[in-house]
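Here are some exercises to work through with the model open beside you. Try each task before reading its solution.

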Amino acid sequence: MSKKPSAPAAKKVESAVPASDYALTPINASLSREQKIDLYRTMVRIRRFEERSLRAYQGKNAAGGTNIGGFLHLYIGQEAVAVGCCSLMGKNDHVITAYRDHGHAIAVGMDTKPLMAELYGKITGCSKGKGGSMHYFAPDKNFWGGHGIVGGQIPLGTGLAYALKYQGKKGAAMAFMGDGAVNQGAVHEAYNLASLWNLPVVFVIENNGYSMGTSQARSSAGELAKRAAGYNMEWGQCNGHDVFEVRAVMDHFLTQARENSRPSTVEIDTYRYRGHSVADPDNTYRTKAEVEEYRNNKDPIQVALHQLLAAGVFTAEIAEQIDAEARTEAEIAAEFADASPYPTVDDIQKDVYWESDHPAERKSEGRLFFD
Amino acid sequence: MPQITYREAIRHALAEELTRDPNVVVMGEEVAQFNGAYKVTEGLLAKFGPDRIVDTPISEAGFIGLGVGASMLGIRPVMELMFWSFYSVAFDQILNNAANVRYMSGGQINCPIVIRGPANGGTNVGATHSHTPENVLANHPGVKVVVPSTAYDAKGLLKSAIRDNDPVFFLENTILYGDKGEVPEAEYVIPLGKADVKRTGTDLTIVTYGRCVIHSLKAAETLEKEHDISVEVVDLRTIRPLDIDTVLASVRKTHRVLIVEEQKPFASVGTQLAYMIQREAFDDLDGPIHRLATVDAPAIYSPPVETEQLPNPGRVVKAVLAALA
């Protein structure tokens with residue numbers, strides 16, 4: 001790693017593009033018709049997957065038991081962020097996020113059947129029923145979770161960038177966090193290391209306005225992304241309701257990471273329509289009118305729909321077909337999850353140690369597990 | 001066979017593994033330019049360069065977490081904590097992320113990280129710098145915990161730890177860093193999870209690890225000379241995985257047990273050992289299992305009194321006599 005002081009780069013990067021023209025920026029104009037439709041399709045698939053998971057959470061299975069336990073943090077309303085960012089991934093780009101992770105998992109290309117099965121706690125789940133909603137992983141798709149502790153994943157994401165640099169690979173890590181995470185010490189330690197060591201990481205703050213039930217005004221002093229300036233990092237802000245703007249803004253910072261090995265922090269304004277988790281009655285910290293304002297006027301799927309219709313990329317009939325397919329896909333995922341078996345009690349102690357899972361290659365001796 | 005210090009033995013293990021595997025990176029506070037706060041990594045920067053021997057800011061949560069993330073992509077970071085006592089500011093990274101990521105991903109992700117550094121009292125640095133967290137660490141399935149007592153063991157065990165595909169926490173001892181022992185020049189490794197009978201005896205088994213092995217061996221000499229008592233000393237070397245079979249074999253020979261540990265008594269490593277010994281060798285015991293631990297209070301500063309708060313040869317002698325009374 002270079003020990004030289006990092007280049008002065010603490011400036012805010014302002015976009016020169018008028019908000020209405022993001023679809024015309026090179027990174028978006030170069031998309032094929034099918035790629036543009038895919039952005040829309042992926043957002044719709046996330047929305048329908050999560051709506052179906054919510055119904056499963058609130059419903060009962062055939063035996064009268066719960067389908068989904070624990071927490072369910074829904075991404076509904078924020079889809080353009082994960083889809084826009086992950087659509088820019090090359091083969092050496094990596095993603096890590098917090099516990100509101102369903103959108104990122106679908107955006108990196110994970111199959112929705114094992115995702116739903118994970119929610120149901122089934123052995124066919126993406127983490128074999130051992131992680132649950134907050135802990136999706138797909139290293140084969142460069143997706144490193146799915147982490148439950150606010151801000152705890154940010155040093156890990158910085159480590160992914162460190163590994164890329166050490167291995168001489170031209171890529172970038174995107175380390176996603178919510179607006180609440182910016183007040184965690186681990187995030188600031190990671191900012192410092194990333195800038196000090198010139199690591200190719202983009203810290204993405206998905207600012208949905210609330211850290212659980214505490215508004216930004218009640219939790220955070222100053223502008224969130226601007227804190228990056230204190231660590232000599234470029235930073236920017238962007239409208240997260242427009243998938244094309246997300247792509248255009250993120251493309252700049254990802255390029256900085258890949259080409260110049262410089263970190264940055266991007267704050268993406270977004271909004272969640274549902275509570276912090278399904279357990280949140282959502283009646284103490286914001287108004288219904290506020291939620292409706294976003295839902296009616298800034299919904300990322302509706303924004304993209306209007307853009308694509310206006311540009312003649314697709315027709316209302318095709319949009320409806322995409323929606324119908326997404327609903328069917330979510331239903332198939334739920335049926336798959338419902339029909340799948342649970343892990344057995346014997347499975348509890350699998351996947352704990354690499355060595356106990358590879359007994360023929362074990363080099364250590366002695367007891368690994370205790371009664 | 002050449003005599004080298006415990007510190008040099010660890011350094012040699014690091015150097016050999018750095019040479020063997022280009023994915024090994026040594027990282028921590030003052031490990032490079034300063035040559036190590038305790039000089040364990042002295043000379044490694046000059047030999048391996050700044051890409052392999054990396055100074056970090058005082059930022060344990062940040063750099064340990066960075067190491068965990070890098071290990072997921074195949075780097076083998078060997079992270080130095082200047083004191084294991086500082087684990088508390090990186091607890092989430094060590095025991096949520098490193099310990100759990102394999103499990104929570106359904107076995108898809110490995111975390112081949114080593115975190116090493118000293119964990120001991122006895123140097124008059126007060127309660128914040130004198131923690132011995134091996135029991136806390138070993139309470140987390142998914143991790144391995146090593147506490148070597150000699151130069152020979154430290155080298156062979158660290159080499160195994162670095163090659164291990166699971167997270168390994170390696171707890172050294174500042175007071176042992178200068179102790180010399182015989183270490184062969186030829187390469188060797190010691191498997192994790194293998195105890196070592198450091199002294200054979202017939203009247204009582206001391207089960208111990210770390211610096212308490214040294215105390216116990218001194219006490220055993222005194223007991224033999226002055227009391228004609230023959231003590232067997234079993235050095236666990238690794239806490240998890242645990243070589244309970246070697247412990248039980250010794251108990252079946254001597255029928256008396258004293259556990260000696262530099263731990264606070266409540267829910268210590270010795271607590272687990274006592275449970276397992278009574279459960280698996282109850283009929284072989286001729287008396288209750290005894291234990292000598294740290295006097296149950298935060299580490300006192302006062303130099304002569306701290307010596308008495310910790311296990312020491314004199315306290316071990318008394319504890320053995322009490323166990324055999």
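**Exercise 1: a residue in chain A**

Leu115(A) is buried, having a relative accessible area of 0%. Buried here means under 20% relative accessible area, exposed means over 50%, and partly exposed lies in between (1.4 Å probe, protein chains only).

Before going on, note that this is a predicted model, where local features need pLDDT of at least 70, side-chain atom pairs count only at pLDDT 80 or more, and totals for chains, interfaces and linings use all residues. Residues are numbered from 1 along each chain as its sequence is written, chains are lettered from A and ligands numbered from 1 in the order in which they are written, and side-chain values use heavy atoms, with hydrogens and water left out.

Task: place Leu115(A) in its helix and find which residues it is in contact with, leaving aside neighbours within four places in sequence.

Solution.
- Step 1. Leu115(A) belongs to helix H5 (residues 112-119) of chain A. Helices (H or I, at least four residues) and strands (E, at least two) are DSSP runs, numbered from the N terminus.
- Step 2. Apart from neighbours within four places in sequence, Leu115(A) is in contact with Phe49(A), Ala105(A), Ile106(A), Met110(A), Cys126(A) and Tyr136(A). Contact means heavy atoms within 4.5 Å.

**Exercise 2: where chain A meets chain B**

Task: describe the interface of chain A and chain B, starting from how many residues are in contact.

Solution.
- Step 1. Contacts join 53 residues of chain A to 62 residues of chain B.
- Step 2. About 4,500 Å² is buried between the two chains, and carbon and sulfur atoms give 60% of that area. Buried area is the accessible area (1.4 Å probe) that two parts lose on being put together, summed over both.
- Step 3. On the chain A side, Tyr166(A), Trp354(A) and Arg367(A) lose the most area to chain B, together 15% of what that side buries.
- Step 4. The rule finds 3 salt bridges across this interface. Such a bridge needs a side-chain nitrogen of Lys or Arg within 4 Å of a carboxyl oxygen of Asp or Glu. Glu355(A) and Lys144(B) form a salt bridge through their side chains (2.8 Å, N to O).
- Step 5. Among the elements of chain A that touch chain B, H6(A) gives the most, with 8 residues.

**Exercise 3: two domains in chain B**

Task: find the domains of chain B, then work out what links them.

Solution.
- Step 1. Chain B is divided into domain 1 (3-182) and domain 2 (196-324), with bounds from an automatic or database domain assignment.
- Step 2. Their contact takes 28 residues from domain 1 and 24 residues from domain 2.
- Step 3. The centres of the two domains, taken over C-alpha atoms, are 26 Å apart.
- Step 4. The area buried between these domains is about 2,100 Å², with 52% from carbon and sulfur atoms.
- Step 5. The rule finds 2 salt bridges across the domain interface. Asp153(B) pairs with Lys198(B) in a salt bridge, their closest N and O atoms being 2.6 Å apart.

**Exercise 4: a glutamate in chain B**

Task: is Glu17(B) buried or exposed, and which residues is Glu17(B) in contact with?

Solution.
- Step 1. Glu17(B) sits in helix H1 (residues 6-20) of chain B.
- Step 2. Glu17(B) counts as buried because its relative accessibility is 0%.
- Step 3. Leaving aside neighbours within four places in sequence, Glu17(B) is in contact with Val24(B), Lys159(B), Ile162(B), Arg163(B) and Glu187(B).
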